[in-house]
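Welcome! Let us get to know this structure through a few short exercises, each with a worked solution.

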Amino acid sequence: DMMKEVSGLKDLEKQIKSLLDIKDVIVVAGDSDLSPWVKKEMGRACVACMKERLASQSIVAVAGGTTLAAVAEMMTPELKQMDILFVPARGGLGEDVKNQANTICARMAEKAMGNYRLLHVPDQLSDEAYQSMIEEPAIKEVLELIRSSNMVIHGIGDAITMAERRKTAREEMAKIKHRHAVAEAFGYYFNQEGEVVHKVKTMGIQLEDVKKVKHVIAVAGGASKAKAIKAYMKQAHHSVLITDEGAARELIRE
Ligand code: G3H
(Lines give C-alpha, C1' and ligand atoms only; values in the text may rest on other atoms or scores of the structure.)
Protein backbone atom coordinates (compact mmCIF):
# COMPACT_ATOMS: atom_id res chain seq x y z
CA ASP A 1 0.00 0.00 0.00
CA MET A 2 1.33 3.39 -1.07
CA MET A 3 0.76 5.12 2.26
CA LYS A 4 2.92 2.54 4.03
CA GLU A 5 5.65 2.70 1.43
CA VAL A 6 6.09 6.42 1.79
CA SER A 7 5.72 6.68 5.55
CA GLY A 8 8.40 8.67 7.33
CA LEU A 9 9.29 12.23 6.44
CA LYS A 10 12.94 11.44 5.63
CA ASP A 11 11.77 8.83 3.19
CA LEU A 12 9.33 11.29 1.63
CA GLU A 13 12.13 13.82 1.24
CA LYS A 14 14.25 11.28 -0.61
CA GLN A 15 11.41 10.39 -2.93
CA ILE A 16 10.55 14.00 -3.71
CA LYS A 17 14.20 14.82 -4.30
CA SER A 18 14.51 12.17 -6.98
CA LEU A 19 11.02 12.71 -8.40
CA LEU A 20 11.63 16.42 -8.96
CA ASP A 21 15.39 16.07 -9.49
CA ILE A 22 16.27 18.84 -7.06
CA LYS A 23 19.16 19.50 -4.70
CA ASP A 24 17.46 19.66 -1.36
CA VAL A 25 13.98 19.02 0.02
CA ILE A 26 12.55 19.46 3.49
CA VAL A 27 9.13 17.96 4.22
CA VAL A 28 7.28 18.96 7.40
CA ALA A 29 4.41 16.95 8.89
CA GLY A 30 0.78 17.76 8.02
CA ASP A 31 -1.06 19.44 5.17
CA SER A 32 -1.29 23.23 5.16
CA ASP A 33 -4.54 23.04 3.16
CA LEU A 34 -6.15 21.43 6.20
CA SER A 35 -4.21 22.87 9.17
CA PRO A 36 -3.01 26.47 9.14
CA TRP A 37 -0.21 25.79 11.67
CA VAL A 38 1.58 23.68 9.06
CA LYS A 39 2.54 26.91 7.26
CA LYS A 40 4.30 27.99 10.43
CA GLU A 41 6.14 24.66 10.54
CA MET A 42 7.33 25.26 6.98
CA GLY A 43 8.30 28.74 8.17
CA ARG A 44 10.34 27.28 11.00
CA ALA A 45 12.09 24.89 8.60
CA CYS A 46 12.78 27.75 6.20
CA VAL A 47 14.33 29.89 8.93
CA ALA A 48 16.62 26.98 9.94
CA CYS A 49 17.56 26.48 6.30
CA MET A 50 18.35 30.19 5.91
CA LYS A 51 20.56 30.19 8.99
CA GLU A 52 22.58 27.25 7.70
CA ARG A 53 23.26 29.00 4.42
CA LEU A 54 23.60 32.70 5.24
CA ALA A 55 26.99 34.39 5.50
CA SER A 56 27.59 37.73 7.22
CA GLN A 57 26.37 40.77 5.32
CA SER A 58 24.22 38.74 2.98
CA ILE A 59 21.34 40.31 1.12
CA VAL A 60 18.10 38.32 1.29
CA ALA A 61 15.36 39.01 -1.28
CA VAL A 62 11.91 38.13 0.05
CA ALA A 63 8.82 37.48 -2.10
CA GLY A 64 5.17 37.81 -1.07
CA GLY A 65 2.26 35.53 -0.14
CA THR A 66 0.76 33.95 2.97
CA THR A 67 3.47 31.29 3.20
CA LEU A 68 6.25 33.88 3.22
CA ALA A 69 4.26 35.83 5.82
CA ALA A 70 4.43 32.68 7.99
CA VAL A 71 8.19 32.45 7.39
CA ALA A 72 8.55 36.04 8.62
CA GLU A 73 6.55 35.26 11.77
CA MET A 74 8.89 32.36 12.58
CA MET A 75 12.07 34.40 12.13
CA THR A 76 14.24 34.63 15.25
CA PRO A 77 16.93 37.15 16.23
CA GLU A 78 20.03 34.92 16.05
CA LEU A 79 21.04 36.53 12.77
CA LYS A 80 21.56 39.84 14.55
CA GLN A 81 25.38 39.72 14.56
CA MET A 82 25.46 38.85 10.88
CA ASP A 83 24.26 42.19 9.61
CA ILE A 84 21.77 40.78 7.11
CA LEU A 85 19.95 43.10 4.74
CA PHE A 86 16.40 42.17 3.68
CA VAL A 87 14.89 43.52 0.47
CA PRO A 88 11.62 42.76 -1.36
CA ALA A 89 12.28 40.48 -4.35
CA ARG A 90 9.97 42.39 -6.68
CA GLY A 91 7.54 45.29 -6.64
CA GLY A 92 3.78 45.02 -6.08
CA LEU A 93 1.84 42.18 -7.72
CA GLY A 94 -1.67 43.28 -6.83
CA GLU A 95 -1.80 41.58 -3.42
CA ASP A 96 -3.36 42.83 -0.18
CA VAL A 97 -0.85 44.74 1.95
CA LYS A 98 -0.31 41.83 4.35
CA ASN A 99 0.76 39.58 1.48
CA GLN A 100 3.05 42.07 -0.21
CA ALA A 101 6.79 41.49 -0.40
CA ASN A 102 7.51 44.92 1.14
CA THR A 103 5.41 44.18 4.23
CA ILE A 104 6.87 40.70 4.70
CA CYS A 105 10.40 41.94 4.13
CA ALA A 106 10.06 44.61 6.84
CA ARG A 107 8.48 42.14 9.28
CA MET A 108 11.16 39.52 8.66
CA ALA A 109 13.96 42.05 9.13
CA GLU A 110 12.43 43.26 12.40
CA LYS A 111 12.17 39.71 13.74
CA ALA A 112 15.71 38.90 12.59
CA MET A 113 16.96 42.20 14.04
CA GLY A 114 18.43 42.94 10.65
CA ASN A 115 18.14 45.85 8.26
CA TYR A 116 15.77 46.36 5.37
CA ARG A 117 15.17 48.51 2.35
CA LEU A 118 11.84 48.76 0.57
CA LEU A 119 10.63 49.45 -2.95
CA HIS A 120 8.25 52.38 -2.83
CA VAL A 121 6.67 52.07 -6.23
CA PRO A 122 2.99 51.78 -7.22
CA ASP A 123 1.75 48.52 -8.78
CA GLN A 124 0.34 49.97 -11.98
CA LEU A 125 2.62 52.31 -13.86
CA SER A 126 2.57 53.64 -17.40
CA ASP A 127 5.69 52.76 -19.41
CA GLU A 128 6.77 56.37 -19.18
CA ALA A 129 6.41 56.60 -15.41
CA TYR A 130 8.12 53.22 -15.04
CA GLN A 131 11.13 54.32 -17.09
CA SER A 132 11.59 57.49 -15.08
CA MET A 133 11.01 55.68 -11.75
CA ILE A 134 13.80 53.18 -12.33
CA GLU A 135 16.14 56.09 -12.96
CA GLU A 136 15.36 57.66 -9.55
CA PRO A 137 18.53 57.34 -7.44
CA ALA A 138 16.71 55.99 -4.36
CA ILE A 139 14.88 53.36 -6.42
CA LYS A 140 17.95 52.51 -8.46
CA GLU A 141 19.92 51.86 -5.31
CA VAL A 142 17.36 49.38 -3.96
CA LEU A 143 17.11 47.69 -7.36
CA GLU A 144 20.87 47.20 -7.35
CA LEU A 145 20.74 45.71 -3.86
CA ILE A 146 18.00 43.33 -5.02
CA ARG A 147 20.03 42.30 -8.04
CA SER A 148 23.05 41.56 -5.84
CA SER A 149 21.16 39.38 -3.35
CA ASN A 150 22.77 36.13 -2.21
CA MET A 151 19.52 34.50 -1.25
CA VAL A 152 15.96 34.54 -2.56
CA ILE A 153 13.04 33.12 -0.59
CA HIS A 154 9.70 32.76 -2.33
CA GLY A 155 6.39 30.90 -2.36
CA ILE A 156 4.79 28.93 -5.18
CA GLY A 157 1.09 29.21 -5.88
CA ASP A 158 -1.52 27.56 -8.07
CA ALA A 159 -1.74 29.83 -11.13
CA ILE A 160 -5.50 30.42 -11.24
CA THR A 161 -5.78 30.80 -7.46
CA MET A 162 -3.08 33.47 -7.54
CA ALA A 163 -4.44 35.27 -10.59
CA GLU A 164 -7.88 35.44 -8.95
CA ARG A 165 -6.52 36.56 -5.59
CA ARG A 166 -4.69 39.41 -7.31
CA LYS A 167 -7.79 40.56 -9.16
CA THR A 168 -6.00 40.12 -12.46
CA ALA A 169 -7.52 42.05 -15.38
CA ARG A 170 -9.80 40.05 -17.69
CA GLU A 171 -7.46 40.00 -20.70
CA GLU A 172 -4.50 38.91 -18.62
CA MET A 173 -6.65 36.25 -16.97
CA ALA A 174 -7.70 34.94 -20.38
CA LYS A 175 -4.05 34.70 -21.42
CA ILE A 176 -3.11 32.84 -18.23
CA LYS A 177 -5.91 30.31 -18.82
CA HIS A 178 -5.41 30.00 -22.57
CA ARG A 179 -1.71 29.25 -22.09
CA HIS A 180 -2.49 26.60 -19.45
CA ALA A 181 -0.62 28.21 -16.57
CA VAL A 182 -0.50 25.91 -13.55
CA ALA A 183 2.11 27.54 -11.31
CA GLU A 184 2.95 31.02 -10.09
CA ALA A 185 6.03 32.36 -8.29
CA PHE A 186 7.10 36.00 -7.71
CA GLY A 187 4.77 37.22 -10.45
CA TYR A 188 5.76 34.67 -13.10
CA TYR A 189 3.24 32.14 -14.40
CA PHE A 190 4.41 28.71 -15.65
CA ASN A 191 2.78 25.88 -17.63
CA GLN A 192 3.20 22.25 -16.63
CA GLU A 193 6.51 22.03 -18.49
CA GLY A 194 7.86 24.83 -16.31
CA GLU A 195 7.85 27.34 -19.17
CA VAL A 196 6.98 30.99 -18.48
CA VAL A 197 3.62 31.79 -20.08
CA HIS A 198 3.01 35.16 -18.46
CA LYS A 199 4.75 37.60 -16.16
CA VAL A 200 3.43 40.47 -14.12
CA LYS A 201 5.25 43.63 -15.08
CA THR A 202 6.96 44.94 -12.00
CA MET A 203 10.47 45.97 -11.04
CA GLY A 204 12.94 43.98 -8.99
CA ILE A 205 14.36 40.51 -9.50
CA GLN A 206 13.63 38.76 -12.80
CA LEU A 207 13.66 35.02 -13.42
CA GLU A 208 17.04 35.24 -15.20
CA ASP A 209 18.48 36.88 -12.07
CA VAL A 210 16.99 34.24 -9.75
CA LYS A 211 18.79 31.54 -11.72
CA LYS A 212 22.13 33.17 -10.85
CA VAL A 213 21.46 33.55 -7.11
CA LYS A 214 23.44 31.14 -4.94
CA HIS A 215 20.72 30.20 -2.48
CA VAL A 216 17.12 30.03 -3.62
CA ILE A 217 14.52 28.61 -1.23
CA ALA A 218 10.98 27.84 -2.41
CA VAL A 219 8.39 27.35 0.34
CA ALA A 220 5.06 25.84 -0.67
CA GLY A 221 2.79 23.19 0.80
CA GLY A 222 -0.71 21.75 0.73
CA ALA A 223 -1.98 18.96 -1.54
CA SER A 224 -3.66 21.61 -3.72
CA LYS A 225 -0.24 22.96 -4.71
CA ALA A 226 1.28 19.66 -5.90
CA LYS A 227 0.80 20.42 -9.61
CA ALA A 228 2.18 23.92 -9.20
CA ILE A 229 5.23 22.72 -7.28
CA LYS A 230 5.95 20.04 -9.88
CA ALA A 231 5.72 22.53 -12.76
CA TYR A 232 7.74 25.26 -11.10
CA MET A 233 10.56 22.94 -9.98
CA LYS A 234 11.09 21.81 -13.60
CA GLN A 235 13.05 24.98 -14.16
CA ALA A 236 14.46 25.38 -10.65
CA HIS A 237 16.65 22.33 -10.12
CA HIS A 238 19.16 24.25 -8.02
CA SER A 239 16.55 25.48 -5.52
CA VAL A 240 15.81 24.11 -2.10
CA LEU A 241 12.15 23.10 -1.67
CA ILE A 242 10.44 23.34 1.69
CA THR A 243 7.07 21.67 1.57
CA ASP A 244 4.64 19.61 3.65
CA GLU A 245 3.45 16.03 3.77
CA GLY A 246 0.17 16.96 2.04
CA ALA A 247 1.93 18.26 -1.07
CA ALA A 248 4.61 15.55 -0.97
CA ARG A 249 2.14 12.66 -0.86
CA GLU A 250 0.06 14.20 -3.64
CA LEU A 251 3.19 14.63 -5.77
CA ILE A 252 3.99 10.94 -5.38
CA ARG A 253 0.40 9.89 -6.05
CA GLU A 254 0.15 11.81 -9.35
O1 G3H B 1 3.34 34.81 -4.50
C2 G3H B 1 2.60 34.06 -3.86
C3 G3H B 1 2.88 32.65 -3.88
O4 G3H B 1 3.13 32.24 -5.18
C5 G3H B 1 1.87 31.80 -3.20
O6 G3H B 1 1.17 32.48 -2.19
O7 G3H B 1 1.90 31.49 -0.07
O8 G3H B 1 -0.25 32.73 -0.22
O9 G3H B 1 -0.01 30.49 -1.29
P10 G3H B 1 0.67 31.75 -0.87
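**Exercises on the sheet and the whole chain**

Strand β2 (residues 59-62) runs parallel to strand β5 (residues 151-155), and three bridges join the pair. Strands here are DSSP runs of E with at least two residues, and helices are runs of H or I with at least four, both numbered from the N terminus. Two strands pair if DSSP finds at least two bridges between them.

This is a predicted model: local features need pLDDT of at least 70, side-chain atom pairs count only at pLDDT 80 or more, and totals for chains, interfaces and linings use all residues. Residues are numbered from 1 along each chain as its sequence is written, and side-chain values use heavy atoms, with hydrogens and water left out.

**Exercise 1.** Find the residue in β5 that alanine 61 stands opposite.

*Solution.* Start at alanine 61 and cross to β5: the residue opposite is valine 152.

**Exercise 2.** Work out the strand order of the open sheet, then explain what is special about β1 and β4.

*Solution.* Step one: the seven strands follow the order β1-β11-β10-β5-β2-β3-β4, with parallel pairing. Step two: β1 (24-28) and β4 (115-116) are at the edges with a single partner strand each, so one side of each has no neighbour in the sheet.

**Exercise 3.** Describe the protein chain as a whole, beginning with its secondary structure.

*Solution.* Count the elements: the protein chain has twelve helices and eleven strands. Next, look at its extent: the C-alpha trace spans about 60 × 50 × 30 Å along its principal axes. Finally, check burial: 53% of the 254 residues are buried, meaning under 20% relative accessible area (1.4 Å probe, protein chains only).

Key. Buried < 20%, exposed > 50% of the residue type's maximum accessible area, 1.4 Å probe, protein only.
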